[in-house]
Amino acid sequence: MSSSRKPHYPARVLNRRRFVEGLALGAGLVAIGPTAGYANERTNGPPTLRGDRFDLLVGTTPVNITGRQRTATTVNGSIPGPILRVREGDTVTFNVTNRLSEHTSIHWHGILLPNAMDGVPGLTSRGIKPGETFTYRYPIKQSGTYWYHSHSGMQEQTGHYGPLILEPRGREPYSYDRDHVVMLSDWTDEDPMTIMSNLKQQSDYYNYSQRTLGTFIKDARRDGLSATVEDRLMWGQMRMSPTDIMDVTGATYTFLMNGKAPAANWTGLFDPGQRVRLRFINGSSMSTFDVRIPGLDMTVVQADGSDVDPVAIEEFRIGVAETYDVIVRPTQSAYTIFAQAEDRSGYARGTLATREGLAAPVPPLDPRPMRTMTDMGMNHGAMGHGGMGKMDDMQKQGPQAAPSSSAPMSGMGHSKMDHSKMPGMSHDTSGMDHSKMWGAPIAQQASIPTSNADGVDPKSLSGKPSVDNVAMETRNRLAEAGDGLDGNGRRTLTYAQLRSLRPNTPSGPPTRAIEFHLTGNMQRWIWGFNGKKFSEAGPIAVKLGERIRFVLINDTMMEHPIHLHGFLFEVENNQGNRLPLKHTINVKPGERMSFVSPPTCPATGRSTVICSITWKWACSAPFWCPSHAAACKSLVLHDLYRRSVFGARADDA
């Protein structure tokens, strides 16, 4: 895979309001390239192409989003790339021509397709060389809201992504009058490789919300000097910060909605009384968004392209690469679609309106959330540290709590604490019935053989250069909305509420479980599965037709959106035979959760489990399905949040 390094742009002073909100012209595309398809529709956002054959051109396009002219990587000259609408049951052809000076690719995120069409250079393909055209051709076996993006270098961060809508053959179980795609993303004027370099040298480089002397004085007045000092010492001993929410923030990002900055105000039109379907796609490289439409309730009808029982909500969190479809019934002339970054360093914004030019008030950002002992994998309420439960409760409350607060931590002495001698804190998991721990759903109660994906003893992780924390106690957190959302007074979606609209296809219980510890060293900014980065991990062999439980244990303080290539998996959220199908799951800090794959490989090939964050792309775990057949569905698990460092890949056979 070739490097995506570009010339370094010198830093210049930029008005903060202009930087966060961008130019009123939105994505500011200076030039629009050609588009191709059987039909071409232009809207307030990217163009729409329909049909079963598409000619896509990957190239560079000058843009001006914040007041500085930059060069974007685009598909057919637009950010996002064109909305591609295809029909379930058709066989579609995408002719992708590379006009870049480096290799490129397209990964069809969440699509059930042959291994060779998955678009992962070095694993399922060789990539598309400069000047070449590659044809992706595969049958459409599903319907719903999905997306596509580059899997080469940092091209996704510079604009190489777009929506993919699979229209059903049959009648949908819900009705609507209007249909709008709402694609969220993040843009930076910096060279992405400069961002990577900054993070490697200083992991909190973009965290402009560190605790200060002012917050220390405020906390000391409320909680007492001794407790506040002990709090600061504890976090210092762990070399971590409770303000570490997102690694790349609004300090360099401008958040976009359908390619438009907040000041540009993307607008989706409706007529009074209409039911409007909004297809939300998080196509960002790094950013988690909390989405709401003040004054307008939403009904969730799809998650990651799969139908779910309707859930009435006011807000939802959408991790990197996830999609949610909601239906709304607006009655006023204008509503703000408000998507604030999880760390509250900025927002994307658009408007639902009866005509162009209308706008509704933009709400203020919520208070910045704080990490807690739960995020650290510590259940201090059970450990008897009197102030810790209070602190966790305050920090989880979001707007009701001071965002910079800490709480008493009397009795904490982490440098001298032998956690292995504490009741229930031993890392020795031999002989332990994991099915009865960490709030495991009922679906997980069956006892099956369990092994670490890399053959690593979890006890050996602590102290490794690539691991700065091993959670003492993890738990199932599917019923929690997440830091900054729980207790905020709004009805917020949780994974526990998702229930498949139709019963799962009977396929029997899983035959074994594969356990992945999501690990990292935040100071060194390296990430991996089971303490191993991409270059160190080996492939995992699975059998044809095997049904496997994937157990994810997040030992870090960060969320990790985990994606399984080429499959929709069943999230074990205690919904019986209605487990929701997803292709990406945002694993919370200190969480232990699981999902079950359908029978894995119908034929042979390589595939991967990955973290969906562009900056941790190499955090991947490849799978190998041995057989004499020539094709296989992808099975790639990776961390979409920090794509540059999780995992491993199999060598060419």
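Analyst: Let's start with a term: a polar contact is a pair of N or O atoms within 3.5 Å (within protein, one must be able to donate a hydrogen and the other to accept it, and residues adjacent in sequence count only if both atoms are side-chain atoms). This is a predicted model, where local features need pLDDT of at least 70 and side-chain atom pairs pLDDT 80 or more, while totals for chains, interfaces and linings use all residues. Residues are numbered from 1 along each chain as its sequence is written, and side-chain values use heavy atoms, leaving out hydrogens and water.

User: Happy to begin there. Which residue caps the N-terminal end of α2?

Analyst: That is D191, with a side-chain oxygen 3.0 Å from the backbone nitrogen of M193. Helices here are DSSP runs of H or I with at least four residues, strands are runs of E with at least two, and both are numbered from the N terminus.

User: Is helix α2 largely enclosed or open?

Analyst: Helix α2 spans residues 192–201, and seven of its 10 residues are buried (under 20% relative accessible area; exposed is over 50%, partly exposed in between; 1.4 Å probe, protein chains only). The helix is therefore largely enclosed by the rest of the structure. Its buried residues are P192, M193, T194, I195, M196, N198 and L199. Strand β11, residues 178–188, is included in what covers them.

User: Where is G122 found, and how accessible is it?

Analyst: G122 sits in the loop between β7 (107–109) and β8 (133–139). G122 counts as partly exposed because its relative accessibility is 27%. Its C-alpha atom is 9.8 Å from that of S152, although the two residues are 30 apart along the chain.

User: And V229: which helix holds it?

Analyst: V229 belongs to helix α4, residues 225–238. At 32% relative accessibility, V229 is also classed as partly exposed.

User: How many residues does the largest nonpolar core have?

Analyst: In soluble globular proteins, nonpolar side chains tend to be buried together. The largest core here (buried Ala, Val, Leu, Ile, Met, Phe, Trp, Tyr and Cys joined through side-chain atoms within 4.5 Å) has 74 residues. L278, F316 and I585 have the most contacts inside that core. Leaving aside neighbours within four places in sequence, F316 is in contact (heavy atoms within 4.5 Å) with residues including F280, F289, D290, V291 and T492. A second, separate core has 26 residues, among them W108, I111, L166 and L568.

User: What about the protein overall, how many helices and strands?

Analyst: The protein has six helices and 34 strands, and 63% of its 653 residues count as buried. Among contacts between residues at least 6 apart in sequence, 79% join residues at least 24 apart.
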